Amino acid sequence: MKINKLYLALFIFALIAPAALYPVFLMKVLCFALFACAFNLLLGFVGLLSFGHAAFLGTGGYVTGYLMMHTGVTPEIGIICGTICAGLLGAFYGKLAVKREGIYFAMVTLALSQLAFFFYLQAPFTGGEDGMQGVPRGHLFGIIDLADNMSMYYFVLAIFIFGFWMIHRTIHSPFGQVLKAIRENEPRAISLGYNVNDYKWVAFIISSALAGLAGSTKTLVFQLASLTDVHWHMSGEVVLMTLLGGMGTIFGPLLGAGAVVAIQNYLSGGEMGNYVSIIMGVIFVVCVLAFRNGIVGEINKVIKRNFGS
Amino acid sequence: MATFLGINLFGLSGQLLVGLINGSFYALLSLGLAIIFGLLRIINFAQGAIYMLGAFFAWMALQYFGINYWAALILVPLAVGIIGVLMERFLLRPIANEDHLYSLLLTFGLALILQGIFTQTYGSSGLSYAIPESLKGGTRLPFMYLPNYRAWIIVASLTVCISTWWAIEKTKLGAYLRAGTENPQMMQAFGINVPLIVTITFGFGVALAGFAGVIAAPVYAVSPEMGSNILIVVFAIVVIGGMGSIGGAIITGLGMGVVEGLTKYFYPEASTTIIFLVMVVVLLVKPAGLFGKEA
Amino acid sequence: MNAMTKTLMSVAMSAALVSTGAQAALSDDKVKIGVLADMGGVYADICGKGCVAAVEMAVEDFGGTVLGKKIEIVSADDQNKPDVGSAKAREWVESQQVDVVTGLVSSAVTGAVTKVLTDAKKLALISTSASNAFTTKSCSPYNAHWTYNVAALANGTVKPMVQAGKKKWFFITADYAFGHALEKVATGVIKSNGGEVVGNVRAPLGTTDFSSYVLQAQSSGADVVALANAGSDFVNSLKTAAEFGLTEMVDVAGLLVFTANAKALDPAIASGMKLTTGFYWDMDDQTRAWTKRFRQRHDKIPAMGQAGAYSMTMHYLNAVKATGTDDSETVMKYMKEHKPNDFFARNATLRNDGRMVHDMYLVRIKNASERKGEDDIFAIEKTIPGDQAFAPMLSQCDFK
């Protein structure tokens, strides 16, 4: 009941936010929030740290960008194709990666994503270092002109809500329960007869497809797909967002993404621009040393301690 | 110009030699990572930043204190090693009992901080460090002109790599070290100070990266990004060699340098990708890596 | 007393009139200039904070206000990344009332930024980018490209070398928009003068080790190895070329060399190299006088793009003042109809395609014994008239 009220409040806030805040900033937050939520599905609910999620973000972005520029499809088709391609790449990478655990899983995903990075660096259609510039936003369903920031914003909001709902559904489904069982006690899940690797694999595919959805949407918002999105720093950034917000919580990644994007935006303009990387690093260190549950996790703990049963 | 089956042999040998030089750096860096991982089960994401720190320390030592290259070759790894010891003692030990992923994230954060500080202070356009007088000039080989300093890189790093391997695999100290990894409780019971061994090993692994940094300073631009560029390649090498395998790290490091050199000659477009391709193939065929024994 | 009040009243009234008049003409009641550049990366020395200082200086020299309204300056670091730069430019024009964006270094960033600005109908005053795309294949009525471009570099540096009998060329090229454009234009110049390109390699921006590229160049059998890169990439590639003895075997030509880069190099390696530049601080009394004032804010000798940034900001502000508006089309029309003329812009005109054509200079890097101080770097060999340096205007880019 309380949660429902929270959802409603957030939804209303999201509806009226562009009146007060710069819509492109809000869209950026939403895209990264979706990316972080997708990532959190793996880290928070299966216990797998992927250090290569940028590959999916970038794949979604490049595929959508290419289709929008060269085939003249409508944005929704472009986004769906980007998402599917990211999911397919995720199926391939996931198959290789889920055989390994813990740190090995992290390393394998990192190396695989570098493969994607160098592919996009050299493939002629991506524009290499220049990025894919001037991607048209197009007309949604062929009717609504997305060049207008307001229409674009509500479109992005709808996509975000869809992605968020997907993740929510996945976590609360029987499938999600098995994932949590794997996270808590993998040998037990195996002894209960679950094919653990298959479960992990499916979770990996869902996560990568949603990361691709975030990337596709981001490309439309900024009308640009670039190597930044496939670089391993991006993979690190999404870990930071999730860790800061609280891994394994529903709202954590959302809050973490908002905080990180806001810090970057706020600092990059002024004299403090060069401090962004230092501040991000400090946040990492502080989170790991002092509050591993993240902002939402800590709040939950406080609530439990004071009001919990 | 000598050619064989349409291959320009001079060009090819040149690229192979450059590959070997790059391989020496890979070997030094991955050796440090392998030692740290073998003992502490920590993936040290800051290894690249430490390498950068080594190069900057060498530059600063010369610039501010007039300490020459040869002295820096000893002093800088020591200084970097001390930083490593402090890092282990005050940052990594408190989370030693948590999931190992946290130590990976912590070192990632440290790498960001170090890189950020140096970008802030020195900009990222790179500083230059002169080649020491005694290593200037070069030798004209039949196929290329080999600068003396590049030859020195191979000699110095191979010497360090092989003696490290020997110390760990063949000496008593190395035996303690390996035993400490296998069964810390037992070693503790025998009266060996395991935490001290852990700290020193971490310091040593990090010092290796500092040493590589000093070696790199005269030939590569000393820039805050030099570490993050090479780090990911080194990670791939460690995965290929088998994580934690010390001999594997050295051999794979050199080998991958050569493979990269070959690719640069035959198909330059793929030279940046080749190592990651090799890694995927190795993982498919031998998931533990070429020299790994982990289950 | 009465008279005094009257005068005061009339002054106040006329001030009010002026300000209402200006309000109608100036959007958001101010002129806001955004300076976008790489502030800490490989190109920081050739524009960066120096460009910000140059723009500030221009605004101050102009009087700080135009049409009675304040001129504001904002600046940001694009980190040489197209995504960062274009997002910043978008934010500036959409939410911070920026009227014009200047600086603009990496051609990759400029390409993305000019697209955003053209969509928003705002002006891009490009000071340091080298690609010629902004006035050719991606030309726009909102672009003005000052200082130099790849065509001027190729015509200035490459042509005389080919004509002097250096026929076989090998390129070490920065792997993005700028390098590609420079290589393409230079290749055209080489071929049309009877030379040939025997090979090329593409090195990523910020490459730390050029040794394998240098070896490739060495085994290519070229007469000239052209470095189609810039900033610290140029410095590092030339140093490696010298280390591997390439500079002794063949000519190494730096196609884009800034004073800061030439200064950073050992004269033993760099001296004698000829190159083309759009500005040199120690050219005559006018440039020296400006440089002296510039150094009071930013204690380094000005790079050509920084001098260009001053010149174009001045020309822009003059246009705003003369037309009484900050409307992009009106201002641009004025800028094209009136010739810029200052310490930087000699025999200059802003063409309809947005290309600012002016005198370029072929210079030689001085050797150690010639240098009278640490900033005494170039010797001017000859002046290249603008119409010989820059390529003719394309008909599809003739924006009236």
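Just over the halfway mark, 55% of the 295 residues of chain B count as buried. That figure, like everything else here, comes from a predicted model. Chain B is built from eleven helices and four strands. Its radius of gyration is 19 Å, close to the 19 Å that the globule rule gives for 295 residues, so chain B is as compact as a globular protein of that length. Laid along its principal axes, the C-alpha trace of chain B spans about 65 × 50 × 35 Å. As for how the chain folds back on itself, take the contacts in chain B with a separation of 6 or more: 76% of them link residues 24 or more positions apart.

Chain B also has a neighbour to deal with. Here, 23 residues of chain B are in contact with 21 residues of chain C. On the chain B side, the elements that give two or more residues are helix 1 (9-40), strand 4 (145-147) and helix 9 (226-241). Helix 1 of chain B brings the largest share of that side, with five residues. Sorted by class, the side of chain B that touches chain C holds nine nonpolar, twelve polar and two charged residues.

Over in chain C, one residue makes a handy stopping point. C:Ser311 sits in helix 13 of chain C, which covers residues 304-323. With 27 C-beta neighbours inside 10 Å, against the 20 or more needed, C:Ser311 counts as buried. Leaving out residues up to four places away in sequence, C:Ser311 touches C:Trp146, C:Pro340, C:Asp342, C:Phe344 and C:Ala345. Another serine enters the picture too: C:Ser127 is 184 residues away along the chain, yet its C-alpha atom and that of C:Ser311 are separated by 9.3 Å.

Chain A offers a look at how two helices meet. The axes of helix 3 (residues 54-70) and helix 9 (residues 196-222) of chain A come within 6 Å and cross at roughly 50 degrees. That angle falls between the 35 degrees under which helices count as roughly parallel and the 65 at which roughly perpendicular begins, so helix 3 of chain A is oblique to helix 9 of chain A. The crossing of these two helices of chain A is right-handed. Residues making the contact include A:Gly58, A:Gly60, A:Gly61 and A:Gly65 from helix 3 of chain A, and A:Gly212, A:Gly215 and A:Lys218 from helix 9 of chain A. By class, the contact of helix 3 with helix 9 of chain A has six nonpolar, eleven polar and one charged residues.

Terms used: Residues numbered from 1 in each chain as written. Chains lettered and ligands numbered in written order. Predicted model: local features only at pLDDT ≥ 70, side-chain atom pairs only at ≥ 80, totals over all residues. Rg over C-alpha atoms; globule rule 2.2 N^0.38 Å. Buried ≥ 20, exposed ≤ 12 C-beta atoms within 10 Å, placed from the backbone. Contact = placed C-beta atoms within 7 Å. Nonpolar A, V, L, I, M, F, W, Y, C, P; charged D, E, K, R; others polar. Axes fitted to C-alpha atoms, helices over the stretch in contact; angles between N-to-C directions. Parallel < 35°, antiparallel > 145°, perpendicular 65-115°, else oblique. Left-handed = near helix turned anticlockwise from the far one by under 90°.
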